[in-house]
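Let us take a walk through this structure together. Have the sequence and the 3D view ready.

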Amino acid sequence: MRYQEHTPSPDLAPFVQCIWELEAVGGPNEPAALERVLPDGCMELVFHLGTPFRRLGTDGILRPQETALLVGVTTRAVVLSPSERSNVIGVRFRPGGAAFLGGPPADRWTDVIAPLEALADLHLVELSERLASVGPGGERVWLLDAFLSERARAARGTPLVGAAASICRGVPIDAVAADCALSARQLQRRFRAEVGIGPKLLARIARFQRALRLGTPDTRTRPTSRGISASSRVSRRAGSVASSTRSRTLSSLAPTPLSLLFKRRRRPVNENKSIMQRFTTQTPGQRPVLVALAALLLFVVLLSGAQKPNTEEPADPLESLRWLAGHWALEQDSQYAEELWLPPRGGVMLGVGRTTVVGQAKASFEYLRIESRLDGVFYMASPGGGPATDFRLVESGEHRAVFANPDHDFPKRIVYERSEDELTARAEGDDGNVLTFRWKRIANVR
């Protein structure tokens, strides 16, 4: 394997650790060993431009990966089987650095390797297709860097990137929370939403990575990525990293969740005695106290067992906009327009609009999205699949929603109102210019 890392451009460097490439250089008949990839606290975008790798599932079956992947933060090892015709390019974000991409909170992707389409970002999907059409070399690295740099410049800032870096350097969590003007509980929630895991678990992963770097020379130089295996140092020609005693020890720990690592186990003084022996060897004065404690413990266990567990899922942050879901259409003169909205799920509502005119061979279309972010709810419109324009939700009622963007030329406000099976949408400007659409429901969407 030939592995190479590229330094991101200055606009991208605060968010991205590196852009990397991996290419198979071995013979076609060279067998590929299973590779264990350890957690590092980072999210990644991975694009397989050759034959995708295969991932070992919990059922012991190797399954091919998708060609374009979103890789969430992992808390346990991922086992991969490299392909003979590997040709991969990827982006490794800093902890919390992927937040500028938008979409659902980062903890939605923790321990998940999903197709890139799961982000519902058509521009990323188009980027995957463009990368596949570009030959190997610096051009596709530049293409990937330029695309993400444009998104990074438009980002509103991801302050937790610096906080996550401090956690990885060993700065106490209370000190990091104070620097961010947050309580420890608020920092925990923000970390889960933007980094994918809590600050304590990120600190454990960072200590785990430092332990790896202090290991053998192979482990110190071995780059890891959840979408791919390690570098050519783990190829059969260079020898397996697992040949050293320390590497075998770390490999045996890898499948264990990181939350179980670095925990101290206190050994009881009477560990070799059975519970009954410890109980019966107490002094007569201690036995009534122990009996009372045992009875209290039994009462608590029985009481907790009698309570019905809460199995209800938390309400979606866009639940108040569910009335917008459905397939809506209007027919006027020679024009037929329709708009379809999926119901809210995971803090996102997806929509699409299409207008056809008699005599025109091609319809006009628009991609739509409403998503919940840390700083509010936003309506995003992409006419013709172009760049999206954000409109913040400024008013919400039982069957009414108003989205506004004062900096946009037209419209500056988008108003949706529903009355039974009729949906009205208005695009409003400052000069009294208004476009009104009145749709009728033609189908429910669940």
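Here is a short tour, from confidence to helix, cores and one strand.

This is a predicted model, in which local features need pLDDT of at least 70 and side-chain atom pairs count only at pLDDT 80 or more, while totals for chains, interfaces and linings use all residues. Residues are numbered from 1 along each chain as its sequence is written, and side-chain values use heavy atoms, with hydrogens and water left out.

The average pLDDT (the predictor's confidence in each residue, from 0 to 100) is 79 for the chain, and 76% of the residues score at least 70. Over residues 216-267 pLDDT stays under 50. Where pLDDT is low, the predicted coordinates should not be read in detail.

Now find helix H2, residues 138-153 (helices are DSSP runs of H or I, at least four residues; strands are runs of E, at least two; both are numbered from the N terminus). Among its buried residues are Val 141, Leu 144 and Phe 147; buried means under 20% relative accessible area, exposed over 50%, partly exposed in between, with a 1.4 Å probe and protein chains only. The elements covering them include strand E4 (44-48) and helix H1 (122-133).

The largest nonpolar core (buried Ala, Val, Leu, Ile, Met, Phe, Trp, Tyr and Cys residues joined through side-chain atoms within 4.5 Å) has 45 residues, of which Leu 45, Phe 47, Leu 144 and Phe 191 touch the most other members. H2 gives the largest share, six residues. A second, separate core of 22 residues includes Phe 391 and Leu 423.

Finally, look at Glu 428 in strand E19 (residues 422-428). Glu 428 counts as buried because its relative accessibility is 15%.

Note on methods: Contact = heavy atoms within 4.5 Å.
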